[in-house]
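Welcome, and take a moment to turn the model around before reading on. The report below walks through it step by step.

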Amino acid sequence: MTDPFTPYTPPRVWSPATQSGGAFANINRPIAGATHEKELPVGKHPFQLYSLGTPNGQKVTIMFEELLAAGHAGAEYDAWLINIGEGQQFGSGFVGINPNSKIPALLDVSGEQPVHLFESGSMLVYLAEKFGAFLPTEQPARAETMNWLMWQMGSAPFVGGGFGHFYAYAPEKLEYPINRYAMETKRQLDVLDRLLADRQFIAGDEYTIADMAIFPWYGGLVLGELYGAGEFLSVHNYQQLRRWADEVKARPAVRRGLKVNRVRGAPEACVAERHSAADLD
C-alpha cells in the first residue's frame, strides 16, 4: 500500500493555500464578515427562515412542521433558500442575523422588535419555549432532553466536518482521516443504539427537540441516506437506532420538514422554498 498522504511540515506562520480543493473550496475562507451587499427577503409569516435542506437546516423545518401539526398556528413560517455553494450566506443581510455565516438563520418578527436567531439548537430551544411544546418543563426530563440536544450539537461536527468531509467531499481519499472519523462516527452510533435499547425516544418516552436534532444526522446515517456510507459503516448493526429512525421518519411532520429548502434528490422530495402548507402537498 502506498503512503495515503504526503507528509506535511507546518510552516511557522500559516497562510491559506491558493486552492484547497474538494467540495466547498470556493467558499472556504479564514475570515468572517460579508462579502457583498444583499438584503434578505421577508414574507408574511411570523417567522422568516433562511436555510438549506442539510441536516442542520432540517432540524428547524421539522420543528416548525411539528408545531403546526400540533395546532400552533403562530408557528407559520416562510423558508427562503440560501445556496451556500454560491456564497449567499456571506450576504450582508444574512451576516446581520448570523455573524458566523452558517445556515440556518431565523427571524422572529411577531413582536415589536425582531429576534435574531442562529445555531439550530438555539432555535429549537427558543421555539419550544415560545410555544410550550417538545421540551419538558419538569426535571429530570428537561435536563435529559437538553443533555442530548447539546450532545448532538457537539458531536455532529465529527460526523459532518470530519467523516463526511474526508469520506465524501475531500479532493482525494486519505486513509488516516477517514479511519479516524469513521471510528468516532461508529462510536457515536453505538452510543445511540445502546441508549435506545430501553427507551422509545432519545430523552425517554416522550418525543422532544432532542429527537428532532439527532434524527437528520444520525437517523440519516443509519438509514443509509448520508454520504453513501451505509455499507461502509455497517449501519445495519445498529438495530435499536434503526427502529427509532424508522419511527421518527414515519411522522408526517418529519416527512414534510425534510422537504423544505432541499434542492438535491428526487423532485417530489424537494421544495426549494416554503411559504404555505400547500407548498409541501
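Is S234 buried, partly exposed or exposed? With a relative accessibility of 23%, S234 counts as partly exposed, because the buried class ends at under 20%. Keep in mind that this is a predicted model.

**The backbone at S234 and elsewhere**

S234 sits in the loop between helix 6 (209-222) and helix 7 (239-249). Its phi is positive, about 50 degrees, although S234 is not a glycine. Most residues other than glycine have a negative phi, and most peptide bonds are trans. N261 also has a positive phi, near 60 degrees, and is likewise a residue other than glycine. You will find N261 in the segment after helix 8 (252-259). Unlike the partly exposed S234, N261 is buried, with a relative accessible area of 1%.

Two prolines are worth a visit as well. The peptide bond from I103 to P104 is cis, with omega near 0 degrees, and P104 belongs to the loop between helix 2 (92-97) and strand 3 (105-108). Q139 and P140 are also joined by a cis peptide bond, where omega is about 5 degrees. P140 is in the loop between helix 3 (120-131) and helix 4 (141-169).

**The overall picture**

Now step back to the whole chain. The protein chain has eight helices and four strands, and from the N terminus on the elements run β-α-β-α-β-β-α-α-α-α-α-α. The radius of gyration is 19 Å, close to the 19 Å that the globule rule gives for 281 residues, so the chain is as compact as a globular protein of that length. Along the principal axes, the C-alpha atoms fill a box of roughly 60 × 50 × 40 Å. Of the 281 residues, 44% count as buried. The accessible surface comes to about 14,300 Å², and carbon and sulfur atoms hold 54% of that surface.

**A β-α-β unit**

Strand 1 (residues 47-51), helix 1 (residues 55-69) and strand 2 form a right-handed β-α-β unit. Strands 1 and 2 run parallel and are joined by five bridges; within this pairing, L49 stands opposite A79 in strand 2. How many of the five residues of strand 2 are buried? Four of them are, so strand 2 (residues 77-81) is largely enclosed by the rest of the structure.

**Charged pairs**

Side chains of opposite charge can pair when their charged atoms come close. The count here comes to 13 salt bridges, and the table shows some of them, including the distance from N to O.

| Salt bridge | N to O distance |
|---|---|
| R199 and E144 | 2.9 Å |
| R194 and D190 | 2.7 Å |
| D281 and R256 | 3.3 Å |

The pair of R199 and E144 links distant parts of the chain, 55 residues apart: R199 is in the loop between helix 5 (175-195) and helix 6, while E144 is in helix 4. R199 is partly exposed at 22%, and E144 counts as partly exposed at 22% too.

R194 and D190 both lie in helix 5, four residues apart, which is about one turn of the helix. R194 is exposed, with a relative accessible area of 62%, whereas D190 counts as partly exposed at 25%.

D281 is exposed at 75%, and R256 is partly exposed at 22%. Salt bridges that share partners join E65, E76, R256, R274 and D281 into one network.

How values were computed:
Residues numbered from 1 in each chain as written. Predicted model: local features only at pLDDT ≥ 70, side-chain atom pairs only at ≥ 80, totals over all residues. Heavy atoms only, no water. Buried < 20%, exposed > 50% of the residue type's maximum accessible area, 1.4 Å probe, protein only. Helix = DSSP H or I, 4+ residues; strand = E, 2+ residues; numbered from the N terminus. Pairing = 2+ DSSP bridges. Right-handed = clockwise from strand over helix to strand, strands pointing away. Rg over C-alpha atoms; globule rule 2.2 N^0.38 Å. Areas by Shrake-Rupley, 256 points an atom, 1.4 Å probe, with all protein chains shown as cover. Salt bridge = Lys/Arg side-chain N within 4 Å of Asp/Glu carboxyl O.
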